[in-house]
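Please open the structure in your viewer and keep the sequence panel beside it. The tour below goes from one selection to the next and says what is found at each stop.

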Amino acid sequence: MTPDATKARALLEDAGAQIKAATKDLDAQIAKLGEAKTPAEKSLKKKLEDDALQAALNVGLNLFDQAQTFPREAKSTDLRKIRGDVIEKAQAAFQKVMAKDDTNPICWVARAWYGRCYQEETDNAHARAEYGKIIEAGKFASDAKRLARYFRLIAIREKPEKGEEAPFI
């Protein structure tokens, strides 16, 4: 492990704590707002809910980034285990977000990252299955479709299946 990776991990851990605090604050604001009755209240509640979903997605992204500070092919089984544990935490965060609302684009982006976590742990079959669900999804998944296609290209490059040529990316 390099000193730069250690520094980056510390910065990411601090950022992660700030994101979690922001998520709690947004949840408190949503709870305080209660039942939205007027159009202005409904609009505010929708914005707060989207902000809370984005913050929850950012928690997962931060964890994913933290995992990248550990070498994928580390010789130390302890480092590989820590890396795997952090990927699992990220995947759990993405799963929580993607389960919220299948009409929200943020939830579909979380599904793409959920699949990427499988891919990161060399489970390309599950990753590709998630990417397929996204690519076949409706209009709400447009951002996630781009991400899923990109992640799928990486999967093909890393481990092409029969009849696939590794793309030049």
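## A first stop in helix α2

Begin by selecting Leu61, which is found in helix α2, the helix of residues 39-67. Bear in mind from here on that this is a predicted model. Which residues does Leu61 touch, once residues up to four places away in sequence are not counted? They are Phe94 and Trp113. If you draw a line from the C-alpha of Leu61 to that of Trp113, the two lie 7.9 Å apart in space, although 52 residues separate them in sequence.

## The whole protein

Now zoom out until the full chain is in view. The protein has six helices and zero strands, and reading along the sequence gives the pattern α-α-α-α-α-α. Along its principal axes the C-alpha trace spans about 55 × 40 × 20 Å. Of the 169 residues in the protein, 39% are buried, and among contacts with a separation of 6 or more, 54% are between residues 24 or more positions apart. With a surface display switched on, you are looking at about 10200 Å² of exposed area, of which carbon and sulfur atoms supply 55%. If you colour by charge instead, there are 30 positive and 27 negative charges, and their mean positions are 1 Å apart.

## Helix α4

Next select residues 105-120, which form α4. This helix has 16 residues and reaches 23 Å from its first C-alpha to its last, close to the 22 Å expected at 1.5 Å a residue. Is α4 largely enclosed or open? Because 15 of its 16 residues are buried, α4 is largely enclosed by the rest of the structure.

Look at both ends of the helix in turn. At the N-terminal end, Asn104 acts as a cap, with a side-chain oxygen 2.8 Å from the backbone nitrogen of Ile106. Just after α4, Thr122 takes a positive phi of about 60 degrees.

## Two polar residues within α4

Select Gln119, which is found in helix α4. Gln119 has a relative accessible area of 1%, and so counts as buried, the cut-off being under 20%. The side chain of Gln119 is joined to that of Tyr131 by a polar contact of 2.4 Å. Beyond residues up to four places away in sequence, the residues that Gln119 touches include Arg72, Asn124, Phe151, Ile154 and Glu158.

Move on to Glu120, which is also found in helix α4. Glu120 is buried as well, with a relative accessible area of 5%. A polar contact of 3.4 Å joins its side chain to that of Gln68. Leaving aside neighbours within four places in sequence, Glu120 is in contact with Phe64, Gln68, Arg72, Arg83 and Ile87.

## Helix α6

For the last stop, select residues 142-158, which make up helix α6. How does the span of its 17 residues agree with what 1.5 Å a residue should give? The expected span is 24 Å, and the end C-alpha atoms are 25 Å apart, which agrees.

Within α6, highlight Ala144, Lys145, Ala148, Phe151, Ile154, Ala155 and Ile156, which are buried. In an α-helix there are 3.6 residues a turn, so residues three or four places apart point the same way. With α4 and α5 (124-135) also shown, you can see what the buried residues of α6 pack against, namely these two helices. Phe151, Ile154 and Ala155 also bring you back to an earlier stop, as they are among the residues that Gln119 touches.

Conventions:
Residues are numbered from 1 along each chain as its sequence is written. This is a predicted model: local features need pLDDT of at least 70, side-chain atom pairs count only at pLDDT 80 or more; totals for chains, interfaces and linings use all residues. Side-chain values use heavy atoms; hydrogens and water are left out. Helices (H or I, at least four residues) and strands (E, at least two) are DSSP runs, numbered from the N terminus. The expected span of a helix is 1.5 Å times one less than its number of residues. Buried means under 20% relative accessible area, exposed over 50%, partly exposed in between (1.4 Å probe, protein chains only). Contact means heavy atoms within 4.5 Å. A polar contact is a pair of N or O atoms within 3.5 Å; within protein, one must be able to donate a hydrogen and the other to accept it, and residues adjacent in sequence count only if both atoms are side-chain atoms. Accessible areas come from the Shrake-Rupley method with a 1.4 Å probe; for residues, only the protein chains shown count as cover. Lys and Arg count as positive and Asp and Glu as negative; His and the chain ends are not counted. The place of a charge is taken as NZ of Lys, CZ of Arg, CG of Asp or CD of Glu.
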